[in-house]
Amino acid sequence: MKPPQNALVTLRALTAGILLGAVEPGLAQATQMLYSTPTNAARDTYTGGIGCKFQVGASNVIVSHLGFFDQNNDGLAVSHQAGLFDAGGSTLLGQVTVPAGTDAYLTNGFRWMPLDPPLLLASNTTYIVAAMVGNGDGDAWQDAFTPAWNPFFVGNTGTSTRHAMYGPGNAAWPPASFSQNGNNNTYGNVTLGYLEVGPARVGVAQTNVSISAGQTLSVLGFASGQQPVTYQWYLSPHTPLPNQTNASLIIADAATGDSGTYFLTASNALGSEQSADVTVLVTSFPVGITQEPTNLTVFANYPAAFSLVASGSPPVFFQWLRDGTVLPVATNASYSFTADLTNNGDIYSCLASNYTSLTPYIATSSDATLTVLPNLALPQQFLHGARANTATNNFSGLVGGQFAVGNSPVLVTHLGYYASQFIDPSNAVLTADHRVGIFSANGSALYGYVTVSAGTHSVVNGYMWAPLDPPLVLSNNTQYLLVAEVFSDTDPWGDTYGVPDLNPYFATACDATYWGAAWPNAGAAGGYSGQMYSAPNLAILALPTPSAFFQPTNVTQYAGLGVSLTATVAGQAPVTLQWYKDNIPLSDQTNLVLVLTNVTTGDSGDYYVMVTNTVSGASAASTSATVTVVPDTGPSIVQDIQSQDVFAYSTVQFAAGASGTPPLSYQWTFDGGAITGGTNSTLTLSDVSAANVGDYQLTVTNNYGSATTSVATLTVEVPTAGTYPAAVMGPDLLLYYRFSDANSGLGVATNQGSLGLAYNGTYEGGYSGVAGPTGFSNFEPDNLAVLLDGYSADVLVPSLANVVLTNATIAAWVEDGGGQPDNSAIFFHRSTAVFGLANGVTTNGAEWLKYTWNGNFYNNDTGLILPTNQWTFAAMVINPTNAAIYLQDGTSMKSTNFAGTYPPAPLSGDSYVGWDTAGGATGRRWTGAIDEVMVFDQALSPSAINALYQGVPATVTLAIEPSGNQLVLKWSSGTLLEAPSVNGPWTTNSAARSPYSLTPTGAMRFYRVLAQ
């Protein structure tokens, strides 16, 4: 029967790693015990073997004793057998009998008996320690409890590696089996330890060792007992080995003469002991080839593998040669590579060598010839094999998994859908169409898909297949998402499972994912490592009837230039190819790539390829591609440029499209003057200001003439000095939403940040424009904010492509409407990265700021209390090692810091003002008003945060310029101060406004600006 588990009790105090008990006189000890001493010996009602299972830490450990619990330290009522077992409990590694009475050594509440020999427990390996208990035998023990585990034995292994174990419930020793009872616990009857007490006892880790001459002979020995312990290795029958007085026997560069029987003795003041014998065999014989490489015939593009078998000791080294030339990477007993026609007739051989008794030996294999047969088809490859699992999941959506391509690009010609009846290849039936596609890793981009239609299909590798036209080439070291469309209660498909046969040609890793949305709105939830949902698969298929595809499908080129068409071929080898133009075969054009040089108008026409299996005669034609050759012509503008009106600090791009005979040259002008470096079809202006205002134009030239775009005027809206936008706008300000357009009726929130109008926001749900924080410095009297209803409203911020935040600041003015739900967001991004600033609710109902960064710091409470129905300034500043959260409630700037690791966060999806999408359609939404949302690509300083609150620049430049007989002082914001000397005293010139004119006098005056 299984003994019931009692409630846990308070553990006795334990010094970490070292357990100290009463020391018997004259016996030095350093005790290490598996776990802390039991404190509640309440059980004596079970017969059987009980104890615990545990995993050793990262280092090997020695066990010298097994101990049985003595409740009152007054002796045991009966004897108890104790043992150490392997993880399955089937093999008894060592055992002791702990006798009745007080003869056994006592410490830490246990009676100990030595293991003879001691045992060496291997690192990261699981064992069971158990002892027999008897119902009512008078020796009580603690029921299953959670002790303090000693890291000497378990290192930092997880608590999930430790379990109380009990036997089948009878008095047979050793127990026939063990069962687990709980987690991170043990029965308190038995333990193991390392005690430096008693006579020396010795063990060895190996009793048979076989090595080759020239290698180092190493035999691990170990001992227990009272310290100090001395060691001596012997060669049987009784020859002591000079200088071999350590626990381990080490003989460098061993020779055949070192073969023999060895043993180790360990001695201390109380006695000595001899280990078991260790039989050592050191072999040495020259290399010899026992199996020669043989001639080989393969198809082009298929693997070729040569191998031989050689014998010899010390170890044999290999070097393959091709046509007598060394192949640097071919140094194993076999050599594999992908053959092509250039390898036809190559001769391969191998040198096998070793070095023994100071003499080198070399054996040369016979020659083997490689014959490569013409073939353009690639070998058949599957992402993974079939799994016989026909469970129908009650789920509609997209299932499959993410997979990571290895170091080389890979080709995919077919996508497949799971065939539940794949045992009968001729009778796999679908009741509905299912689309299977390859997406980007997060599902945002669809690269290619097929439709596996309803009806009967033949089956290959447990799947029904459809060709990708054109095939996909997947980039190396890139992650992709493979999913199939599934429907509840329709067409059975395999549930997620651990993939045992992931094909390294395609992938190095996979993670099962699902997404509960209709095609093609793919995403990646789940992420079960090493698994896939069985519904989709991908492959290169070698079908009996070959297939061919090529790219590009249509080409327009100018006369005198070149055209290149590339075919992809799939099918059972051998497959050959022939290019056709207007149904006429092209002479000598039988390669995958068709290259036409110096084309003329006569090369215009329809091109395709015919592929044939030269054994079966099966053939198929690709679709056609139209090549159009146009005469030489001068340039013309096919995409004109447009005038733009942007905010200061934005990045502006003018882009034009031109056609004409290459090469084309480009020259941009600004107000009629050539722009240095402006020689591409696009012109990018960063961090624009009033200096960039003007007219832009592009001239395109080739050998036959030139063409000019329209004139595009750039207007830059520069904020008025002294206004709130003037204080915050700059090149590091990516997003800036003022919400002054909330009542425009257009539903668009204008972005005044440096990313420009392409990142305007979208008002959604129940929103309206309300008065913003107009009473604060530098806000215009009619300043508006956006009011969100807390149920449906938000502002959608589009995905910031290619933006990764390493240092960042997110700031906003907020008016908490009260009664907010926990985690209601101010600004939140939830895609590849998860981060944002939100509202939290304390246990007493107060509302305070929370922040999240990249999932590592999730909904961290800051303790900064948000007042309700009052405008408040809040900010989050992130750098790689710290998060600083700020709150200015009108009384003072409060802040708190959270040190940690804050990795870069990519903005790969939409963000939201006023909503964290994890709350669903109606949850985690802000109730109240939000204004002046700012996202900086910079970790702002505390003074810069305070400047944002006050609406003044963090730094101000004072310029002094002569104007006639006067001086003109200019500054962007702040208050002018003046003094008779640089050391003051400084007085405020409250009447001065920029620009400020003054007439110099003989007295020296100094000026500066108080920014905030």
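P228 sits in the loop that runs between strand 17 (221-224) and strand 18 (230-235). The peptide bond leading into P228 from Q227 is cis, with omega near 0 degrees. Bear in mind throughout that this is a predicted model. There is a cis bond between S313 and P314 as well, with omega about 10 degrees. P314 is also a loop residue, placed between strand 27 (309-313) and strand 28 (317-322).

Staying with backbone geometry, I have two aspartates to show. D491 is not a glycine, yet its phi is positive, about 50 degrees. D491 belongs to the loop between strand 42 (479-486) and strand 43 (497-498). Is D491 buried or exposed? D491 has a relative accessible area of 7%, and the cut-off for buried is under 20%, so D491 counts as buried. The other aspartate is D588, where phi is near 65 degrees, again a positive value in a residue other than glycine. D588 lies in the loop between strand 52 (584-585) and strand 53. With 68% relative accessibility, D588 counts as exposed.

Strand 53 takes me to the sheets. Strands 48, 50 and 53 make an open sheet in that order, and the pairing is antiparallel. Which strands of this sheet stand at the edges? They are strand 48 (547-551) and strand 53 (593-596); each has a single partner strand, so one side of each has no neighbour in the sheet. From one strand to the next, the twist averages 20 degrees. Between strand 50 (residues 563-570) and strand 53 there are four bridges, in the antiparallel sense. One register point to check on screen is T566, whose bridge partner in strand 53 is V593.

Next, a sheet of four strands. This one is also open, with the order 34-47-36-41 and antiparallel pairing. Its edges are strand 34 (381-382) and strand 41 (463-474), and because each has a single partner strand, one side of each is left without a neighbour in the sheet. Strand 36 (residues 410-418) is antiparallel to strand 41, and eight bridges join the two. In that pairing G416 stands opposite W465 of strand 41.

One further strand pairing is strand 67 with strand 84 (residues 927-936), antiparallel over four bridges. Here L733 stands opposite F936 in strand 84. How many residues of strand 67 are buried? Strand 67 (residues 733-737) has five of its five residues buried, so the rest of the structure largely encloses it.

Now the aromatics. The structure holds 45 aromatic pairs. A pair of aromatic rings is described by how far apart the centres are and by the angle of the planes. I will take one example, F54 with Y127: the centres are 6.4 Å apart and the planes are at 35 degrees, a tilted pair. The cut-off for a pair is centres within 6.5 Å. This pair links distant parts of the chain, since F54 is in strand 2 (residues 48-55) and Y127 is in strand 8 (residues 126-133), 73 residues apart. F54 counts as buried at 0% relative accessibility. Y127 is buried too, with a relative accessible area of 8%. Separately, Y35, F69, F110, W112, F145 and W149 form one aromatic cluster.

Last topic, pockets. Rolling a probe the size of a water molecule over the atoms shows where empty space is left. The largest pocket holds about 650 Å³ of space. Its lining is made of 31 residues, and those nearest the centre are Y649, A726, A727, M729 and P953. Helix 2 (724-728) and helix 3 (942-950) each give at least two residues to that lining. What is the lining of the largest pocket by class? It has 21 nonpolar residues, nine polar and one charged.

The second largest pocket has a volume of about 470 Å³. It is lined by 21 residues, and N442, W515, R830, S831 and G909 are the closest to its centre. By class, the lining of the second largest pocket divides into seven nonpolar, eleven polar and three charged residues.

Terms used
Residues numbered from 1 in each chain as written. Predicted model: local features only at pLDDT ≥ 70, side-chain atom pairs only at ≥ 80, totals over all residues. Heavy atoms only, no water. Pairing = 2+ DSSP bridges. Axes fitted to C-alpha atoms, helices over the stretch in contact; angles between N-to-C directions. 1 Å grid on protein atoms, 1.4 Å probe; cavity = no way out; pocket = protein on both sides within 12 Å on 5 of 7 lines; lining within 4 Å. Points joined across faces, edges and corners; volume = space filled by probe spheres on them. Nonpolar A, V, L, I, M, F, W, Y, C, P; charged D, E, K, R; others polar. Phe/Tyr/Trp six-rings, centres within 6.5 Å; stacked < 30°, edge-to-face > 60°. Buried < 20%, exposed > 50% of the residue type's maximum accessible area, 1.4 Å probe, protein only.
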